[in-house]
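Work through the exercises below with the sequence and the model in view, and try each task before reading its solution.

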Amino acid sequence: MLFEADSVVSGYGALEVLHGVSLSIEEGEIVSVLGANGAGKTTFLRTVSGVLDTWEGKITLEGADLGPLTTERRAMAGLGHLPEGRGIFQNLTVRENLDIGLGLRKDGSGEIRRDRDRLLDLLPALSEKIGDAASSLSGGQQQMLALARAMITRPKLLMIDELSFGLAPNLVEDLFELVTELRDEGGTTFLLVEQNAGVLDISDRTYVLKTGNNDISGSSAELKDSQDLVRSYLGNE
Ligand SMILES: Nc1ncnc2c1ncn2[C@@H]1O[C@H](COP(=O)(O)OP(=O)(O)OP(=O)(O)O)[C@@H](O)[C@H]1O
Ligand SMILES: [Mg+2]
């Protein structure tokens, strides 16, 4: 198992938000987490990346306990986190934003340049604007830039908080397609947190969170057609 969260409890100050969430991911999988507003999806990602402390339970990456590690050490261990909101520096160019991701890489500059070129091949809209300020990109293009910047660090596991947020349906499809390509090509493993049930089409397995607890989970294809999902999640909207 590449990643395992076992009965994770965490929250903010005195407020317990996650009451014992468990989730596992095999190498090369795309796993999605669905849940309504306030279900605890973002809190879970913040806990895994180390922004929030784990109060109880255990989180491991390649069998190593992440608990004692700082956010930076977790990133160096191969954990990528694309947070809610885009985190793009508006005044920097597209290229400068991408370069921010490179600080974590230990390999040579030739390899890094090849990676960047390969990513830009997949993202023609970005390569056209490589020298422009990020502020001149559309919302969807900024989302692509954020994804490209996260990919350039070559994470073993990339966790993405609502990649689809605020984007038109056709662009969501393109970005989901891109995630599949990145998995198939580069072997990156993905954890996609979403409110958009379209993620069922590209993920292998899905977990539904409900008020800080695990609800149903299983193969995305099976969940997609199941009444359980409608009852558990879609029915709440
Ligand atoms: N910084 C914070 N301080 C205190 N409570 C918070 C904070 N952030 C989130 N919460 C609370 O934690 C709970 C879970 O929030 P979280 O952001 O994890 O939900 P979510 O599933 O990501 O929702 P959404 O789909 O709206 O992004 C909510 O009750 C929320 O009010
Ligand atoms: Mg959230």
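**Exercise 1.** In this predicted model, decide whether Glu84 counts as buried, partly exposed or exposed, and then do the same for Thr42.

Solution. Step one is to recall the cut-offs, since buried means under 20% relative accessible area, exposed means over 50%, and partly exposed lies in between. Step two is to place Glu84, which has 46% relative accessibility and therefore counts as partly exposed. Step three is to place Thr42, which counts as buried because its relative accessibility is 14%.

**Exercise 2.** Determine which residues coordinate the magnesium ion (ligand 2), and find where they sit in the chain.

Solution. The ion is coordinated by Thr42 through OG1 and by Glu84 through OE, at 2.0 to 2.4 Å. This pair links distant parts of the chain, since Thr42 belongs to helix α1 (residues 41–49), while Glu84 lies in the loop between β6 (79–82) and α3 (94–100), 42 residues apart.

**Exercise 3.** Describe the surroundings of ligand 1, beginning with the residues around it and going on to polar atoms at short range.

Solution. Ligand 1 is surrounded by 15 residues, and the closest are Asn37, Lys41, Thr42, Thr43 and Gln195. Turning to the atoms, a polar side-chain atom of Gln195 is 2.7 Å from an oxygen atom of the ligand. Polar backbone atoms also appear, with one of Gly38 at 2.8 Å from an oxygen atom of ligand 1 and one of Ala39 at 3.2 Å from an oxygen atom of ligand 1.

Definitions and conventions: Residues are numbered from 1 along each chain as its sequence is written. Chains are lettered from A and ligands numbered from 1 in the order in which they are written. This is a predicted model: local features need pLDDT of at least 70, side-chain atom pairs count only at pLDDT 80 or more; totals for chains, interfaces and linings use all residues. Side-chain values use heavy atoms; hydrogens and water are left out. Donors are N, O and S atoms within 2.8 Å of the metal (3.2 Å for Na, K and Ca); water is not among the atoms, so sites may look incomplete. Helices (H or I, at least four residues) and strands (E, at least two) are DSSP runs, numbered from the N terminus. Buried means under 20% relative accessible area, exposed over 50%, partly exposed in between (1.4 Å probe, protein chains only). A residue is near a molecule or strand if one of its heavy atoms lies within 4 Å of it. A polar contact is a pair of N or O atoms within 3.5 Å; within protein, one must be able to donate a hydrogen and the other to accept it, and residues adjacent in sequence count only if both atoms are side-chain atoms.
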